[in-house]
Amino acid sequence: MLRGKTIIVTGANSGIGKATAAELLRCQGRVIMACRNRERAEKAAQEIQEEAGPGQGELVIKLLDLASLKSVRIFCEEIMKEESRIDILINNAGIYQCPYTKSEDGFEMQFAVNHLGHFLLTNLLLDLLKRSAPSRIIVVSSKLYKYGEINFDDLNSEQSYDKAFAYARSKLANLLFTLELSHRLEETGVTVNALTPGIVRTNLGRHVHIPLLMKPLFNLASRAFFKSPEEGAQTSIYLACSPDVEGVQGKCFANCHEEQLLAKATDEEVAKKLWDISEVMVGITT
């Protein structure tokens, strides 16, 4: 049970994030739904509460646009001012294979939302997480990290852009961020772990073009072979709640079990360099 605990879930208005928020609410948690669109967040919150019934935890909606470093800073300022503790931070929100666009800060959108926004968010909330220890940070990555590479000469995809590669790179960045952060959190009482949820039926693939004639077949296949959002959320919930992972640091999980990562995701030198460059990109110093 999570009674008395406050949890932030980014992208909590749909897909895995919504399913995660719903289950944490049923566990009596106080869930802060950090979402870009208030209207969609309010609709999702109403659906979650109606499904959960009375006597559950509490839902709070806060606006957060991970494509805007200004929005991330405002969100964190409000959290630091209004919340006495944060017990669990779930970096869940993501954008998948969108056409080449830049965030308002000038960064390639998938790298901006999936990595840089969460990087800044986590760093700005670290002091509160440390004061709330034992506390947990959970980073949602993807098995598609395997197809990504960290090209420090073109992190912004200005020399070339492949939307699938850019997504894979952002998910690899999630794992390298988890690795480096785990070292920095030693002896603090704060743990950080990542997860890969598998293939889940969500609206994440809205930018992927499927020919009209193929859509019925695709929809049928997705129902047969893809996880539901509730199934996809199980590892996030496990990492948030389970005593089995108390004190576990810097690991990646899939289906509630530790997952072995490729060497590219455990390269400490690359992780440290990516951290240093990310600090410069988001404008923080340590």
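User: Before we look at lysine 251 and glutamate 258, what counts as a salt bridge?

Analyst: A salt bridge is a side-chain nitrogen of Lys or Arg within 4 Å of a carboxyl oxygen of Asp or Glu. Keep in mind that we're looking at a predicted model.

User: Okay, so what do the side chains of lysine 251 and glutamate 258 do?

Analyst: They meet in a salt bridge, at 4.0 Å from N to O.

User: Are those two buried or exposed, or partly exposed?

Analyst: Lysine 251 counts as partly exposed, because its relative accessibility is 35%. Glutamate 258 is at 44%, so that one counts as partly exposed too.

User: How many salt bridges turn up in the whole structure?

Analyst: A search of the whole structure gives 16.

User: Why would side chains pair up like that?

Analyst: Opposite charges can pair when the charged atoms come close.

User: Show me another one. Which residue does glutamate 47 pair with?

Analyst: Glutamate 47 forms a salt bridge with lysine 18, and their closest N and O atoms are 2.4 Å apart. That pair links distant parts of the chain: lysine 18 sits in helix H1 (residues 15-26) and glutamate 47 in helix H2 (residues 38-52), 29 residues apart.

User: And how accessible is each partner?

Analyst: Glutamate 47 has 29% relative accessibility, so it counts as partly exposed. Lysine 18, at 23%, is partly exposed as well.

User: What about glutamate 149, which partner does it have?

Analyst: Its side chain meets that of lysine 264 in a salt bridge, 3.0 Å from N to O. This pair also links distant parts of the chain, with their positions 115 residues apart. Glutamate 149 is in the loop between strand S5 (135-140) and helix H5 (163-184), while lysine 264 is in the loop between strand S8 (257-258) and helix H9 (268-282).

User: Buried or exposed, or partly exposed?

Analyst: Glutamate 149 is partly exposed, with a relative accessible area of 42%. Lysine 264 counts as partly exposed at 22% relative accessibility.

User: Switching topic: where is arginine 36?

Analyst: Arginine 36 is in the loop between strand S2 (30-35) and H2.

User: Why does arginine 36 count as exposed?

Analyst: Because its relative accessibility is 54%, and the cut-off for exposed is over 50%.

User: Which residues does it touch, leaving aside its neighbours within four places in sequence?

Analyst: Arginine 36 is in contact with Leu63, Leu64 and Asp65. The C-alpha atoms of arginine 36 and leucine 63 are separated by 5.5 Å, and those two residues are 27 residues apart along the chain.

Technical notes
Residues are numbered from 1 along each chain as its sequence is written. This is a predicted model: local features need pLDDT of at least 70, side-chain atom pairs count only at pLDDT 80 or more; totals for chains, interfaces and linings use all residues. Side-chain values use heavy atoms; hydrogens and water are left out. Helices (H or I, at least four residues) and strands (E, at least two) are DSSP runs, numbered from the N terminus. Buried means under 20% relative accessible area, exposed over 50%, partly exposed in between (1.4 Å probe, protein chains only). Contact means heavy atoms within 4.5 Å.
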